[in-house]
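Here are some exercises to work through at your own pace. Please have the model open and try each task before reading its solution.

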Amino acid sequence: MSWLGVGMALVNGLLTAIIASILLPFLESIFDITTNFKLLELSNMNHPALKELIFNAPGTYQHSIVVGNLAESGASEIGANQLLARVSSYYHDIGKAEEPLYYVENQPINGPNIHDSLDPYESARIIISHLEKGVKKAENYRLGRLIKDIILQHHGTRLVKFFFDKAQQATEQKDGYADI
């Protein structure tokens, strides 16, 4: 092995690292791929989406941090991507920043709950709407398809049970079934 060969290998390695670090953000954007480098960038608590969340919906922000820690621990136990679990948890409720007082974690302590005066169907619609609002915010902030998918899926396909039960009770009382 010659010194020339060693020098060429070092230069090649250095140039490869430089070119890769320059091209990676463009390739991530073009192919909508979320790499660990992108996730590390999104984990910065100074990201504009997270700053908006902390100023508009501080209870939701706190909830998201706790969920991130729990998700990271769970991912660690099952061998999943811990960074993805933590970072996607930070952003999963960003749609709540638009109307934060509709969500209990942002309501004043011992204050009125807005949903007490709303029709349960309207309440359920409002709660579910934070998913679509979150996806729009994710698009505006270019968070990537993977984060958008997690925002859309984090409630699953089940009922918003609290408001379903409330609607069912109201129907039973209206129809006179509550006394049976």
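The exercises below deal with a helix, two pockets and a serine.

This is a predicted model, in which local features need pLDDT of at least 70, side-chain atom pairs count only at pLDDT 80 or more, and totals for chains, interfaces and linings use all residues. Residues are numbered from 1 along each chain as its sequence is written, and side-chain values use heavy atoms, with hydrogens and water left out.

**Exercise 1.** Compare the span of helix H1 with the span expected at 1.5 Å a residue.

*Solution.* Start with the element: helices are DSSP runs of H or I with at least four residues, numbered from the N terminus. H1 covers residues 3-31, which is 29 residues. Next, the expected span is 1.5 Å times one less than the number of residues, so H1 should span 42 Å. Finally, the end C-alpha atoms of H1 are 40 Å apart, which agrees.

**Exercise 2.** Find where H1 bends, and say what follows the helix.

*Solution.* The bend at a residue is the angle between axes fitted to the seven residues ending there and the seven starting there. At leucine 23, H1 bends by about 35°. Proline 25 follows within four residues. After H1 comes aspartate 32, with a positive phi near 50°.

**Exercise 3.** Describe the largest pocket and its lining.

*Solution.* A pocket is an open set of points on a 1 Å grid over the protein atoms alone, where a 1.4 Å probe fits, with protein on both sides within 12 Å along at least five of seven lines; lining residues have an atom within 4 Å of a point. The volume, the space filled by probe spheres set on the points, is about 430 Å³ for the largest pocket. Its lining has 20 residues, and those closest to the centre are Ile127, His155, Val160, Lys161 and Phe163. Helices H6 (120-140) and H8 (161-175) each give two or more residues to this lining; H6 gives the most, with 4.

**Exercise 4.** Do the same for the second largest pocket.

*Solution.* This pocket has a volume of about 300 Å³. Of its 15 lining residues, Glu28, Ser29, Asp32, Lys38 and Arg142 lie nearest the centre. H1 gives the most to the lining, with 3 residues.

**Exercise 5.** Is serine 88 buried or exposed?

*Solution.* Serine 88 lies in helix H5 (residues 82-91). Its relative accessible area is 5%. Buried means under 20% and exposed over 50%, with partly exposed in between (1.4 Å probe, protein chains only), so serine 88 is buried. Serine 88 touches Ile147 and Ile150, leaving out residues up to four places away in sequence; contact means heavy atoms within 4.5 Å.
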